[in-house]
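User: Could you take a close look at the part of this protein around its ligands and follow it outward from there? I'm new to this, so please explain each step as you go.

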Amino acid sequence: MLKQNTFATCTQPPRDKSQLVAIKPTYVMQGKASKKELDIYHLILAPTHACNMRCKHCYLSDQAEQLLPKEEALRLVDEFSQMVLNERGHYGGIFHVKGGEPFVVPYLWDIADRLAELKTLHFMITTNGTFAEDEIFQRLNKYNKALEGNLTVIVSLEGPTKETDAILRGEGHFEKALSFLEGLQDNEINFHLNCVLHKQNIDYISEYVDFAKKYGATQVNFLNFVPRGRGSALNELQLSHVELYEKLQQLYEASDEQGKNLLSGSLPHVIHDASCGTCKLSNECVAAYRGLFYIKPDGSVFTCPNIASKEFAIGNICQQSLRNISDNLTTLYEQIKPCSASCVCTGEKILYEKTEDMKNIQSLNGLMSIPKASGSVGNPRVSYCFNRNW
Ligand SMILES: C[S@@+](CC[C@H](N)C(=O)[O-])C[C@H]1O[C@@H](n2cnc3c(N)ncnc32)[C@H](O)[C@@H]1O
Ligand code: SF4
């Protein structure tokens with residue numbers, strides 16, 4: 001039984017427009033290495049692992065029905081809002097609901113109501129896009145307006161054709177997701193696409209970008225397939241890290257301006273470098289940076305969805321305040337990044353070390369030898385999430 005918490009609810013300071021952080025239609029998770037904190041704070045809540053689908057690649061091992069109590073979820077919105085207001089200003093943080101499937105969460109609209117009332121946080125939802133219902137689009141439209149355009153929906157689609165999507169998501173998903181995208185487009189909701197890349201869809205990435213343009217997506221997040229949970233059974237589909245990186249970079253170089261913008265979620269470090277020339281990249285990812293939280297249905301808190309096992313928990317929102325939990329980040333940082341010459345993706349590295357997956361350890365090390373990916377040029381400065389599996 002989860003314990004009820006009694007932290008004081010937040011009182012909202014007067015709204016100061018000069019504090020507003022402009023959230024662009026594209027989003028990259030990044031932070032300054034010197035400060036070990038995210039530029040835009042990002043809290044990812046999986047209120048449940050329950051889901052209407054059973055995708056072959058899913059990193060969850062089951063779709064258990066456990067649900068974080070509604071009061072805890074709403075209190076979390078208040079607490080995170082206060083933290084963001086104090087440390088980042090209005091809309092300087094993202095409250096991101098994923099799962100499981102957000103549209104099966106019975107109190108999803110209560111969260112949205114609270115966010116709309118506060119007007120302090122960007123609202124993000126990652127969905128399988130199977131709930132193409134008028135009522136849902138009307139609500140999303142209403143919340144998008146209430147949040148002054150600070151709503152982003154990420155839709156998962158694993159290929160630009162029904163055949164490629166069906167490899168991981170099964171028959172029928174593609175058609176449903178298409179109707180969902182049309183609903184978002186008709187209601188002027190900003191949306192991104194998530195696509196997990198593997199050996200059987202890698203040759204369709206250019207077609208995928210064309211598809212994204214046609215449907216009006218503002219960002220494409222090509223994700224590295226991480227074989228864990230149910231997805232462990234598909235490990236033979238995994239591409240090497242270097243191959244994936246090189247294919248994406250070739251696509252970026254061959255793309256027009258719109259295509260390059262769309263890829264900002266897939267090659268953030270390359271795009272950052274291209275846009276400012278002299279910018280320096282850090283040697284590490286953003287795991288254990290302040291402002292990054294990943295919360296499971298039992299309330300346990302982690303700082304990277306790839307290292308969400310007990311020994312890496314930094315606290316539990318049902319027993320502690322988010323602020324207190326945040327203070328544990330420094331200790332975790334020292335635990336997972338003992339030396340400064342760290343890794344482009346600490347989460348994946350730890351995951352593979354735990355399972356003694358030598359093939360993947362070597363594959364990930366290969367990525368570190370690519371200068372742009374490893375950030376070995378110049379002084380460390382900006383850190384990214386290279387995995388984007390959040
Ligand atoms: C776990 S799902 C939860 C949200 C929602 N049910 C969905 O499918 O979008 C979040 C994202 O993780 C991706 N994902 C799931 N398993 C993965 C894996 N083994 N490796 C990489 N990404 C994965 C999904 O494709 C999806 O884009
Ligand atoms: S990837 Fe998403 S839709 Fe698919 S089973 Fe996992 S949680 Fe459900």
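Analyst: First, a bit of vocabulary: Ala, Val, Leu, Ile, Met, Phe, Trp, Tyr, Cys and Pro count as nonpolar, Asp, Glu, Lys and Arg count as charged, and the others, including Gly, count as polar. Keep in mind that you're looking at a predicted model.

Let's start with ligand 2. Its shell holds five nonpolar, three polar and two charged residues. The residues around it are Cys51, Met53, Arg54, Cys55, Cys58, Leu60, Gly99, Gly100, Glu101 and Asn128. Going by the classes above, the charged ones are Arg54 and Glu101, while Gly99, Gly100 and Asn128 are the polar ones. Two of these neighbours deserve a second glance: glycine 99 and glycine 100 are joined by a cis peptide bond, with omega at about 20 degrees. Glycine 100 sits in the loop between β3 (93-97) and α2 (108-118).

Now for ligand 1. There are 19 residues around it, and Tyr59, Asn128, Ser156, Asn194 and Gly231 come nearest. Asn128 should ring a bell, as it is also one of the residues around ligand 2. By class, the shell of ligand 1 splits into seven nonpolar, nine polar and three charged residues. Two elements give two or more residues to this shell: β4 (122-127) and β6 (190-197).

Strand β6 is a handy thread to pull on, so let's see what it helps to cover. One case is helix α4 (residues 162-169), where the cover over the buried residues includes α5 and β6. Those buried residues are Thr164, Asp165, Leu168 and Arg169. They span an arc of only 115 degrees around the axis, which puts them on the same side of α4. If that pattern looks odd in the numbering, remember that an α-helix has 3.6 residues a turn, so residues three or four places apart point the same way. Right after α4 comes glycine 170, with a positive phi near 85 degrees.

The other cover, helix α5 (residues 173-186), has an axis that comes within 8 Å of the α4 axis, and the two cross at roughly 110 degrees. An angle from 65 to 115 degrees counts as roughly perpendicular, and therefore α4 and α5 are described that way. The residues making the contact are Lys162, Asp165, Ala166 and Arg169 on α4, and His173, Phe174 and Glu175 on α5. Two of these are nonpolar, one is polar and four are charged. Asp165 and Arg169 appear among the buried residues of α4 as well.

Between α5 and β6 there's a loop, and glutamate 188 lies in it. This residue has a positive phi of about 55 degrees, though it isn't a glycine. Is glutamate 188 buried or exposed? It is exposed, because 12 other C-beta atoms lie within 10 Å, and 12 or fewer is the cut-off for that label.

On to helix α6 (residues 205-215), whose buried residues are Ile205, Tyr208, Val209, Phe211 and Ala212. Looking down the axis of α6, you'd find them within an arc of 160 degrees, so they line one face of the helix. Strand β6 is part of the cover here too, and the list also includes β7 (219-224), α7 (241-254) and α8 (257-262). Like α4, helix α6 is followed by a glycine with positive phi: this time glycine 216, near 85 degrees.

Next door is alanine 217, in the loop between α6 and β7. It counts as buried because it has 25 other C-beta atoms within 10 Å, and 20 or more is enough. Beyond its neighbours within four places in sequence, alanine 217 is in contact with Phe191, His192, Leu193, Ala212 and Leu262. Phe191, His192 and Leu193 fall within the 190-197 range of β6, so the thread from ligand 1 leads here as well. Alanine 217 and valine 155 are 62 residues apart in sequence, with 9.5 Å between their C-alpha atoms.

Finally, α7, one of the covers of α6, has a partner of its own. Its axis comes within 7 Å of that of helix α13 (residues 358-368), crossing at roughly 40 degrees, and the pair is therefore oblique. His241, Val242 and Tyr245 of α7 meet Ser363, Leu364, Gly366 and Leu367 of α13. This contact has four nonpolar, three polar and no charged residues.

Terms used: Residues numbered from 1 in each chain as written. Chains lettered and ligands numbered in written order. Predicted model: local features only at pLDDT ≥ 70, side-chain atom pairs only at ≥ 80, totals over all residues. Near = placed C-beta within 6 Å. Axes fitted to C-alpha atoms, helices over the stretch in contact; angles between N-to-C directions. Helix = DSSP H or I, 4+ residues; strand = E, 2+ residues; numbered from the N terminus. Parallel < 35°, antiparallel > 145°, perpendicular 65-115°, else oblique. Contact = placed C-beta atoms within 7 Å. Arc of directions from axis to C-beta.
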